[in-house]
Amino acid sequence: MNNRVIKFRGLSKDRNWIYGLPLYGNIDDTITEIQTNPSSDGRIFEIVPSTVSQFTGLLDKNGNEIFEGDIVSVNYGGHWMKETVVFEYGAFK
């Protein structure tokens with residue numbers, strides 16, 4: 001059984017990251033709000049649509065969640081490079 005956590009984050013109008021489930025506010029499926037965990041407070045926050053990103057299910061070496069759009073260091077044959085996490089062809093890269 002797959003226990004993958006599905007969650008998103010988005011930057012609120014007051015410039016704080018909000019983590020939770022996306023709520024669609026427009027007919028064009030634009031995510032305009034995020035609801036925090038309903039089992040805790042379940043509050044709804046208006047967010048900047050262009051900042052919405054999905055959790056990859058992966059953690060960095062410090063145990064922090066990695067989201068689409070994050071910049072990570074990757075070792076390519078002994079050379080470290082910074083790359084942006086993207087979702088392409090059904091997978092995070």
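**Close-up views of a predicted model**

**Figure 1. Asp70 is a buried residue, its relative accessible area being 17%.** The model shown here and in the views that follow is predicted. The value of 17% leads to the label "buried" because that label applies under 20% relative accessible area. The side chain of Asp70 joins that of Arg9 in a salt bridge, with a distance of 2.4 Å from N to O. Asp70 belongs to the loop between strand 6 and strand 7 (71-76), while Arg9 belongs to strand 1, so this salt bridge ties together parts of the chain that are 61 residues apart in sequence. Arg9 is likewise buried, and its relative accessible area is 11%. Arg9 also takes part in a second arrangement: its charged end sits over the ring of Trp17, at 4.4 Å from the ring centre.

**Figure 2. A salt bridge joins the side chains of Glu65 and Lys7.** The N to O distance in this pair is 2.7 Å. Glu65 is part of strand 6, and Lys7 is part of the segment before strand 1 (8-11), so the bridge ties together parts that are 58 residues apart in sequence. Glu65 has a relative accessibility of 31% and therefore counts as partly exposed. Lys7 can also be followed to an aromatic ring, as it lies over the face of Phe55, 5.6 Å from the ring centre.

**Figure 3. Glu46 and Lys13 form a salt bridge.** The closest N and O atoms of the two residues are 3.8 Å apart. Glu46 is found in strand 4 (residues 44-46) and Lys13 in the loop between strand 1 and strand 2 (17-24), so the pair ties together parts that are 33 residues apart in sequence. Glu46 is partly exposed, at a relative accessible area of 49%. Lys13 counts as exposed, at 52% relative accessibility. These two labels differ because the limit for "exposed" is over 50%. In total, the structure holds three salt bridges.

**Figure 4. Phe55 and Phe67 belong to one aromatic cluster together with Tyr19.** Two aromatic pairs are found when the whole structure is searched. In the pair of Phe55 and Phe67, the ring centres are 5.5 Å apart and the ring planes stand at 45°, so the pair is classed as tilted. Phe55 is in strand 5 (residues 53-59) and Phe67 is in strand 6 (residues 65-67), so the pair ties together parts that are 12 residues apart in sequence. Both Phe55 and Phe67 are buried.

**Figure 5. Gln54 and Leu59 are both placed in strand 5.** Gln54 has a relative accessibility of 18% and so counts as buried. Leu59, by contrast, counts as exposed, at 54% relative accessibility. When neighbours within four places in sequence are left aside, Gln54 is in contact with Arg4, Ile6, Lys7, Phe8, Phe67, Glu68 and Phe92. On the same basis, the contacts of Leu59 are with Asn64, Glu65 and Ile66.

**Figure 6. Five residues make up the largest nonpolar core.** Its members are Phe8, Ile18, Ile31, Ile34 and Ile47. Ile31 may be taken as the centre of this view. Apart from neighbours within four places in sequence, Ile31 is in contact with Pro22, Leu23, Tyr24, Ile47, Pro49 and Val52. Among these contacts, Ile47 is also a member of the core.

**Figure 7. The chain as a whole has zero helices and 10 strands.** Along the sequence, the strands give the pattern β-β-β-β-β-β-β-β-β-β. The chain has 93 residues, and 26% of them count as buried. Of the contacts between residues at least 6 apart in sequence, 30% join residues at least 24 apart. The accessible surface of the chain amounts to about 6800 Å², and carbon and sulfur atoms account for 52% of that area.

Technical notes
Residues numbered from 1 in each chain as written. Predicted model: local features only at pLDDT ≥ 70, side-chain atom pairs only at ≥ 80, totals over all residues. Heavy atoms only, no water. Core = buried A, V, L, I, M, F, W, Y, C linked by side-chain atoms within 4.5 Å. Buried < 20%, exposed > 50% of the residue type's maximum accessible area, 1.4 Å probe, protein only. Contact = heavy atoms within 4.5 Å. Phe/Tyr/Trp six-rings, centres within 6.5 Å; stacked < 30°, edge-to-face > 60°. Helix = DSSP H or I, 4+ residues; strand = E, 2+ residues; numbered from the N terminus. Lys NZ or Arg CZ within 6 Å of the ring centre and 35° of its normal. Salt bridge = Lys/Arg side-chain N within 4 Å of Asp/Glu carboxyl O. Areas by Shrake-Rupley, 256 points an atom, 1.4 Å probe, with all protein chains shown as cover.
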